[in-house]
Number of protein chains: 2
Amino acid sequence: MKKHNFYAGPSILSQYTIKNTADAVLNFADMGLSILEISHRSKQFQAVIDEATALVKELLEVPAGYSVLWLGGGASMQFCMIPYNFLRTKASFIDTGTWAHNAIKEAKLFGEVDVVASSEAEHYTFIPKGFAEKVTADNDYFYYTSNNTIYGTEIRKDPDVPCRLISDMSSDIFSRPVDVAKYDAIFAGAQKNLAPAGVTIVIVRDDALGHVDRPIPTMLDYRTHVKKGSMFNTPPVLPIYSALQTLKYYKELGGIKELERRDLEKAALLYDAIDSSRMFVGTVTDPAGRSIMNVCFVMKPEYKELEPAFIEFATERGMVGIKGHRSVGGFRASLYNALPIESVRALVDCMNEFQKLH
Amino acid sequence: MKKHNFYAGPSILSQYTIKNTADAVLNFADMGLSILEISHRSKQFQAVIDEATALVKELLEVPAGYSVLWLGGGASMQFCMIPYNFLRTKASFIDTGTWAHNAIKEAKLFGEVDVVASSEAEHYTFIPKGFAEKVTADNDYFYYTSNNTIYGTEIRKDPDVPCRLISDMSSDIFSRPVDVAKYDAIFAGAQKNLAPAGVTIVIVRDDALGHVDRPIPTMLDYRTHVKKGSMFNTPPVLPIYSALQTLKYYKELGGIKELERRDLEKAALLYDAIDSSRMFVGTVTDPAGRSIMNVCFVMKPEYKELEPAFIEFATERGMVGIKGHRSVGGFRASLYNALPIESVRALVDCMNEFQKLH
């Protein structure tokens with residue numbers, strides 16, 4: 001049976017990425033060797049990382065003066081690397097969920113932290129309005145999580161604040177144009193819209209580095225990786241190769257604008273089905289803050305007891321990974337770039353069929 | 001043409017590991033999905049990491065009270081994580097090459113560092129004798145790099161010192177029995193004897209954690225990963241799957257003792273060929289400190305100019321990755337566990353043929 005992959009991450013990758021990666025595991029670049037066992041110093045792999053870097057710059061229109069890094073360790077490692085490298089005295093944050101919360105916790109080890117707005121008390125069911133106006137000019141940076149995988153909320157516009165921006169775009173990078181010039185750093189764990197787990201992209205403004213007084217351990221200092229083109233130590237070779245495949249596929253499709261068009265179309269299809277349903281209801285209270293990547297919904301109180309039955313019903317029809325995160329419950333359908341609209345239609349069909357039966 | 005993979009790392013993996021990984025990239029655990037796109041929270045992946053952890057414990061006879069962790073970020077990240085977590089006042093080191101040197105540099109950010117012996121002035125061409133006697137009991141730990149990939153030296157016996165041990169075993173783990181009970185931590189980047197680049201194994205003694213006063217960023221605190229079974233954040237899924245394949249293969253072969261027997265046999269074959277040659281000479285001056293993983297050799301002065309010709313000659317015959325590291329020059333043949341003895345024979349044949357011609 002055809003599977004529809006709605007996992008929140010690691011999550012669906014394009015068939016182009018999967019097929020080319022499988023081929024490279026058997027024979028990479030006609031070397032007669034597997035991508036799993038080749039030196040990162042080989043000219044063949046250097047070509048991979050160079051092309052992947054160039055494509056990130058092209059697709060996101062990264063201005064001159066920025067470096068694109070490919071780091072191991074996961075996006076969570078960035079929660080401490082960001083303040084280690086950028087926090088001199090004070091930074092502001094918006095607390096929109098677990099990942100923002102974790103980033104705030106780490107930043108407090110390094111300097112003053114101002115949380116300008118939070119929806120924690122309301123279980124992160126919305127993006128607080130007017131947060132940008134509360135950010136003051138005396139901040140080293142304003143930090144936000146652009147998409148909240150767990151709660152299904154998203155900030156899809158570069159905030160207009162009187163200081164530099166830093167953002168964790170792990171779960172919605174490559175789904176909208178970004179004005180990179182407003183940022184000192186953008187990072188994204190690859191395992192949503194790019195590659196298998198194991199690599200994190202970091203885009204840093206070179207001139208923003210080197211302004212803190214504290215000593216920084218070598219591996220946590222972005223300058224180390226800028227200077228060595230992400231080759232100070234052995235980078236995660238296979239995830240970078242897979243990322244290149246995805247980036248080539250994105251370019252071929254038409255780039256960010258076409259990806260955004262598709263993502264908006266998919267999200268509209270599912271949100272419309274939820275909003276017009278007698279049985280299901282979205283968990284995000286303000287439609288303006290709804291994520292187009294992770295759609296969170298539950299059964300209305302009068303149908304609540306049917307939730308396990310719907311999971312089973314949908315699973316039998318090939319839906320994978322639609323169980324909601326334990327902190328929200330219900331259902332979560334992640335509609336990352338690689339998910340075809342046919343999978344969204346299949347899920348909507350499931351919902352309609354199930355409603356007819358109950 | 002059959003390729004003989006002598007890369008220093010990332011490096012040769014068993015055909016069993018490569019084939020099973022390629023299969024899982026197309027269809028993992030009969031899920032109808034790729035290992036690249038499945039949730040690390042799926043029960044199928046939980047089974048992978050559990051089995052891999054159990055096999056590390058079984059193969060290395062890890063005693064009770066230790067945790068096995070699977071971390072992203074590369075072994076170089078451990079150079080700061082080790083002192084962050086273990087260095088209270090003072091640690092001792094032996095400086096045997098680049099990796100030891102880098103670890104010493106990071107430790108100095110956290111406490112007093114005593115380098116009991118170094119062969120740096122002699123270009124790390126030997127392991128300093130009697131180093132263990134210079135280690136005093138007032139150390140939090142004695143740190144050593146068990147194998148020096150770049151210089152081809154190795155410490156193949158757990159040092160007998162009056163304090164706890166910590167070791168970077170990145171390039172010779174699973175090539176000898178280790179008395180884990182003497183260690184507070186052992187770590188190893190996977191990309192030599194285990195898996196593709198992107199995961200680092202750390203074996204830590206649970207009771208040795210939590211004794212430093214400094215605040216530790218969450219991701220750099222081993223307790224975070226112990227508590228969450230390496231699932232605090234998304235672990236590098238594919239490299240862990242490949243590691244499991246290698247570990248199963250090791251167990252099937254007969255475990256560490258059989259691996260060591262094979263490794264010693266391969267190394268003896270190549271060192272004998274070098275030592276009995278009129279043209280080649282090993283770079284490590286004391287045979288007792290020679291690595292059985294990385295064999296470094298050069299042409300004798302009277303043949304020195306033939307080095308590029310030999311690289312070309314060997315490359316034409318399928319040898320890959322035998323160019324020496326730029327800090328040593330000449331040649332380096334890495335004989336990791338997955339390298340069959342036939343490849344060593346092929347290299348020795350090459351050397352003999354070349355000598356006949358010149």
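Q: A salt bridge is a side-chain nitrogen of Lys or Arg within 4 Å of a carboxyl oxygen of Asp or Glu; what makes R205(B) and D184(B) such a pair?
A: In this predicted model, the side chains of R205(B) and D184(B) meet with N and O at 2.8 Å, a value within the 4 Å of the rule, so the pair is called a salt bridge. R205(B) lies in strand β10 (residues 200-205) of chain B and D184(B) in strand β9, so the bridge ties together parts that are 21 residues apart in sequence. Strands here are DSSP runs of E with at least two residues, helices are runs of H or I with at least four, and both are numbered from the N terminus.

Q: How should the residue names and the computed values be read?
A: Residues are numbered from 1 along each chain as its sequence is written, while chains are lettered from A and ligands numbered from 1 in the order in which they are written. Since this is a predicted model, local features need pLDDT of at least 70 and side-chain atom pairs count only at pLDDT 80 or more, whereas totals for chains, interfaces and linings use all residues, and side-chain values use heavy atoms, with hydrogens and water left out.

Q: Which other residue forms a salt bridge with D184(B)?
A: R164(B) does, its closest N and O atoms being 2.7 Å apart. This pair links distant parts of the chain, with D184(B) in strand β9 (residues 183-189) and R164(B) in the loop between β7 (153-154) and β8 (165-168) of chain B, 20 residues apart.

Q: Why is D184(B) called buried, and why is R164(B) called partly exposed?
A: The words refer to relative accessible area (buried under 20%, exposed over 50%, partly exposed in between, with a 1.4 Å probe and protein chains only). D184(B) has 6% and therefore counts as buried, whereas R164(B) has 24% and is partly exposed, as is R205(B) with 23%.

Q: How do you know that K182(A) and D160(A) form a salt bridge?
A: The distance from N to O is 3.8 Å, which is within 4 Å, so the pair meets the rule. K182(A) is in the loop between β8 (165-168) and β9 (183-189) of chain A, and D160(A) is in the loop between β7 (153-154) and β8, 22 residues apart. At 26% relative accessibility K182(A) counts as partly exposed, while D160(A), at 59%, is exposed.

Q: What makes helix α3 of chain A mostly covered?
A: Twelve of the twelve residues of α3(A) are buried, among them F79(A), M81(A) and Y84(A). The helix, residues 75-86, reaches 16 Å from its first C-alpha to its last, close to the 16 Å expected at 1.5 Å a residue, where the expected span is 1.5 Å times one less than the number of residues.

Q: Why are the two copies described as related by a two-fold rotation axis?
A: Chain A can be laid on chain B with an RMSD of 0.0 Å by a turn of 180 degrees and a shift of 0.0 Å along the axis, and the copies are thus related as by a two-fold rotation axis. The superposition is by least squares on the C-alpha atoms of residues with pLDDT of at least 70 in both copies. Of the residues of chain A, G73(A) comes closest to that axis, at 1.9 Å (C-alpha).

Q: How do you know that the copies meet through the same surface?
A: In chain A, 100% of the interface residues are also interface residues in chain B, so the copies meet through the same surface. With contact taken as heavy atoms within 4.5 Å, 54 residues of chain A are in contact with 54 residues of chain B. Between chain A and chain B, the count of salt bridges is zero.

Q: What makes E61(B) and Y124(B) worth a look in the backbone?
A: Phi of E61(B) is near 50 degrees, a positive value in a residue other than glycine, and Y124(B) also has a positive phi, of about 55 degrees, although it is not a glycine. E61(B) is in the loop between α2 (43-59) and β2 (66-71) of chain B and is exposed at 65%, whereas Y124(B), in the loop between β4 (112-118) and β5 (141-145), is buried at 6%.
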